[in-house]
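Student: I would like a close look at a single part of this model, taken slowly and with its surroundings included. Please start from one residue and work outwards from there.

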Amino acid sequence: MNRFVQIYKDYMALGLSDDEAFNRTVSKIAWKGGTIDDLQELEIAHMNDVRADFDQIIKELGEMFNERATV
């Protein structure tokens, strides 16, 4: 795993949101001499996490809707 993606995941493990973790990690890429490839890998990881969060929200909303429809 890319070291900056690992930093991003570590920030999330500390309780930061995916956006906060992304922003902090972008700064680290700039400060620690990261490359465009590092930034692209981080962006892909962040995009995947955002999609997973969105999918979870849609699933929960669907479950809530189905529960209300059966009442």
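Leaving aside its neighbours within four places in sequence, which residues is His 46 in contact with?

Tutor: The model is a predicted one, and what follows should be read with that in mind. Once its neighbours within four places in sequence are set aside, His 46 is in contact with Tyr 8, Asp 18, Asp 19 and Phe 22. His 46 itself belongs to helix H3, and it counts as buried because its relative accessible area is 13%, which falls under the 20% cut-off.

The partners of His 46 lead to two helix contacts, and the one with H2 may be taken to begin with. Helix H2 spans residues 18-31 and helix H3 residues 36-69, and their axes come within 10 Å of each other, crossing at roughly 180 degrees. H2 and H3 are therefore roughly antiparallel. On the H2 side the residues that take part are Asp 18, Asp 19, Phe 22, Thr 25, Val 26 and Ile 29, and these meet Asp 38, Leu 39, Leu 42, Glu 43, His 46, Asp 49, Val 50 and Asp 53 on the H3 side. By residue class, the contact of H2 with H3 divides into six nonpolar, two polar and six charged residues.

The other contact is that between H1 and H3, which pack at an angle of about 35 degrees with their axes 9 Å apart. From H1 it draws on Phe 4, Val 5, Tyr 8, Lys 9 and Met 12, while from H3 it draws on Asp 38, Glu 41, Leu 42, Ala 45, His 46 and Asp 49. The residues of this contact of H1 with H3 comprise six nonpolar, one polar and four charged. His 46 is thus listed in the contact of H3 with H1 as well as in that of H3 with H2.

Turning to H1 itself, which covers residues 3-13, its buried residues are Phe 4, Val 5, Tyr 8 and Tyr 11. Because these residues cover an arc of only 115 degrees around the axis, they lie on the same side of H1. The cover over the buried residues of H1 includes H2 and H3. At the N-terminal end, H1 is capped by Asn 2, one of whose side-chain oxygens lies 2.6 Å from the backbone nitrogen of Phe 4. After H1 comes Gly 15, which has a positive phi, near 105 degrees.

Within H3, three further residues help to complete the picture around His 46. Leu 42, another residue of H3, is buried, with a relative accessible area of 0%. Apart from neighbours within four places in sequence, Leu 42 is in contact with Phe 4, Val 5 and Tyr 8, and also with Phe 22, Thr 25, Val 26 and Ile 29. Ala 45 is likewise found in H3 and is buried, its relative accessible area being 11%; with neighbours within four places in sequence again left out, its contacts are with Val 5 and Tyr 8.

Asp 49, which also lies in H3, deserves attention for its polar partner. Since its relative accessibility is 14%, Asp 49 counts as buried, and its side chain is joined to that of Tyr 8 by a polar contact of 2.8 Å. Beyond neighbours within four places in sequence, the residues in contact with Asp 49 are Tyr 8, Lys 9, Met 12 and Asp 18.

From the H1 side, Met 12 shows the arrangement again. At 27% relative accessibility Met 12 is classed as partly exposed, and, not counting residues up to four places away in sequence, it touches Ser 17, Asp 18, Ala 21 and Asp 49.

A last residue of H3, Gln 56, takes us along the helix from this part. Gln 56 is partly exposed, with a relative accessible area of 39%, and its C-alpha atom is separated by 20 Å from that of Tyr 8, a residue 48 places away along the chain.

To return to the starting point, His 46 is a buried residue whose contacts outside its sequence neighbours include Tyr 8 and Phe 22.

Note on methods: Residues numbered from 1 in each chain as written. Predicted model: local features only at pLDDT ≥ 70, side-chain atom pairs only at ≥ 80, totals over all residues. Heavy atoms only, no water. Axes fitted to C-alpha atoms, helices over the stretch in contact; angles between N-to-C directions. Helix = DSSP H or I, 4+ residues; strand = E, 2+ residues; numbered from the N terminus. Parallel < 35°, antiparallel > 145°, perpendicular 65-115°, else oblique. Contact = heavy atoms within 4.5 Å. Nonpolar A, V, L, I, M, F, W, Y, C, P; charged D, E, K, R; others polar. Buried < 20%, exposed > 50% of the residue type's maximum accessible area, 1.4 Å probe, protein only. Arc of directions from axis to C-beta. Polar contact = N/O pair within 3.5 Å; in protein donor to acceptor, adjacent residues only side chain to side chain.
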